[in-house]
Amino acid sequence: MFEKVLIANRGEIALRIHRACREMGIKTVAVHSTADESAMHVRLADESVCIGPPAARDSYLNIPAILSAAHITGADAIHPGLGFLAENAPFAEMVEEHGITFIGPTPEHIRLMGDKVAAKRAAIELGIPVVPGSDGTVETVEAAIEAGRQVGYPMLVKAAGGGGGKGMRVARDEAELKEAVPAAQNEAKAFFNNGEVYLERYLDRPRHIEMQILADGQGGVIHLGERDCSLQRSHQKILEETPSPGLNATQRAKISKIATDAMRKLGYKSAGTIEFLFQDGEFFFIEMNTRIQVEHPISEMISGVDLVREQIRIASGAPLGYRQEDIELSGHAIECRINAEHPETFRPSPGKVTSYLAPGGLGVRTDSALYQNYVVPPHYDSLVSKLIVHGRTRNEALMRMRRALEEYVISGIDTTIPLHQKLLGSPDFLNGDYDIHWLERFMGLKT
Ligand code: ADP
């Protein structure tokens, strides 16, 4: 087992990884920008190294500085967390070339799934159903119009290198497609330095269902059930729950088998998530994330499996600590993502947290790096806390979440807590009756 792990991230996920290491008796090294000197992940780690100025490209994305920090501190492994360098195949390669273990999948699998067009092709070969769309990328408007005749309208123009809901444009007819293709190409170029786009049929009322996988690359593959992440704004997840209120046992068994069979065939190693859209009883693959995800705690709550611990064990060469028969998924879990943003305008709200009190009690978990007098820096993602609850039934989890949100005190900055409270009062949500477009309609953003 590793003696010392460098955590190449910040915020709540850095803390999450630190906690897993601590419980395994592994020492931790935090890296941080000058804006994060007093961050919680720095305070709790055994050692810390400043890796650059506030801008992420100069610090949390600064590969030479991170590798140097690992050498100076004698870390024998690096956990990339999520975002930043988590799905950067060259980084994973460089880490290994420096004799350090990368806690994650192989660079080949990161690369394959990072290119959504290649990932879709691989999915088809692995027996996973995909959203109908263009065969590969479309370079010009003319090519898109031609390919669009097969795909049918409405269509979604998507970035091959996309992520975070960026670089996506809906086209309802040919005229809209003429504008959508260059717009998506430009956005994709700006965000991902890769202007390649492809076409997909636009599903009008799907749920977003994703399967959590754990695999050891030695034949051991298990799933921890699905997560329903349909509550989204601008293609970004707001609240997640498991099990999905929209799946029955047959559908659940079907997708679990498709996902685990595919990962066994691929020889996948580490934690991973296969994302699907689900409409009219059918699943359509959209992408695979080769990392731990923001919403992983709800799967941990219903399974009792520590996903980060398993990632670390697998990276050290150990086989999976569980067989599928050992996994008992019990009860219901919900996560609310709490952002430092205005709950209606979503304007970011960095600044000083003047008072802070996290909720507690049975079945309540708070993954947050906030504390009283902490100053939320303006330079990074606005996610500041994840409130997770577990109950024996969905109704118990809903009541518990409502109670926990009411207890949560975060003063001095705006947060999205009021949005979640509003959501928890909506009959549609309470009935589990929602799709990926529901939240925007509910908020009056879309008709
Ligand atoms: P990203 O990598 O940017 O997160 P995804 O491919 O995972 O992109 O899609 C993000 C979200 O965009 C999905 O959860 C869904 O809400 C929406 N989406 C993606 N593809 C489609 C589609 N073909 N039809 C309708 N909505 C889609």
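Helices, here labelled H, are DSSP runs of at least four residues, numbered from the N terminus. The model treated in these exercises is predicted.

**Exercise 1. State which helix holds serine 256, and decide whether this residue is buried or exposed.**

Solution. Begin with the location: serine 256 belongs to helix H9, which spans residues 249–266. Next, take the cut-off, by which a residue is buried under 20% relative accessible area. Serine 256 has a relative accessibility of 6% and therefore counts as buried. Finally, consider its surroundings: when neighbours within four places in sequence are left aside, serine 256 is in contact with Met211 and His223.

**Exercise 2. Determine the strand order of the open five-stranded sheet, and describe which helices lie across its strands.**

Solution. The order is E3-E2-E1-E4-E5, and the pairing is parallel. The edges are strand E3 (47–52) and strand E5 (101–102), each of which pairs on one side only. Within the sheet, strand E1 (residues 4–7) pairs with strand E4 (residues 77–79) in the parallel sense over three bridges, and leucine 6 stands opposite isoleucine 78 of E4. Turning to the helices, H1 (residues 11–23) lies across E1, strand E2 (27–33) and E4, and runs at about 175° to E1. Helix H3 (residues 63–73) lies across E1, E2, E3 and E4, and its direction makes an angle of about 155° with E3.

**Exercise 3. Classify the packing of H5 against H4 and against H6, and give the make-up of each contact.**

Solution. Take H4 (residues 89–97) and H5 (residues 107–114) first: they pack at about 175°, with their axes 8 Å apart. Angles over 145 degrees count as roughly antiparallel, so H4 is roughly antiparallel to H5. From H4 the contact draws on Ala89, Pro90, Ala92 and Glu93, and from H5 on Pro107, Ile110 and Arg111. These residues divide into five nonpolar, no polar and two charged.

Now take H5 with helix H6 (residues 116–125), where the angle is about 100° and the axes are 5 Å apart. This angle makes H5 roughly perpendicular to H6. Here Leu112, Met113 and Gly114 of H5 meet Lys116, Ala118, Ala119 and Ala122 of H6, a contact that divides into five nonpolar residues, one polar and one charged.

**Exercise 4. Describe how strand E6 pairs with strand E8, and how far E8 is covered.**

Solution. Strand E6 (residues 155–159) and E8 pair in the antiparallel sense over five bridges, with valine 157 standing opposite leucine 199 of E8. Strand E8 itself, residues 197–201, is mostly covered, given that four of its five residues are buried.

**Exercise 5. Identify the elements that build the largest nonpolar core, and find which of them gives the most.**

Solution. In soluble globular proteins, nonpolar side chains tend to be buried together. The largest nonpolar core in this model has 35 residues, and those with the most contacts inside it are Leu231, Leu370, Val376, Leu387, Met401, Ile410 and Phe429. Two or more residues each come from strands E11 (236–242), E14 (332–339) and E19 (383–391), and from helices H12 (394–407), H13 (417–423) and H15 (438–442). Of these, H12 gives the most, with five residues. For a local view, take leucine 370, which, leaving aside neighbours within four places in sequence, is in contact with Val353, Tyr356, Val376, Val384 and Ile410. Apart from this core lies another, of 28 residues, among them Leu214, Ile222, Leu224 and Val294.

Key:
Residues numbered from 1 in each chain as written. Predicted model: local features only at pLDDT ≥ 70, side-chain atom pairs only at ≥ 80, totals over all residues. Heavy atoms only, no water. Axes fitted to C-alpha atoms, helices over the stretch in contact; angles between N-to-C directions. Parallel < 35°, antiparallel > 145°, perpendicular 65-115°, else oblique. Contact = heavy atoms within 4.5 Å. Nonpolar A, V, L, I, M, F, W, Y, C, P; charged D, E, K, R; others polar. Core = buried A, V, L, I, M, F, W, Y, C linked by side-chain atoms within 4.5 Å. Buried < 20%, exposed > 50% of the residue type's maximum accessible area, 1.4 Å probe, protein only. Pairing = 2+ DSSP bridges.
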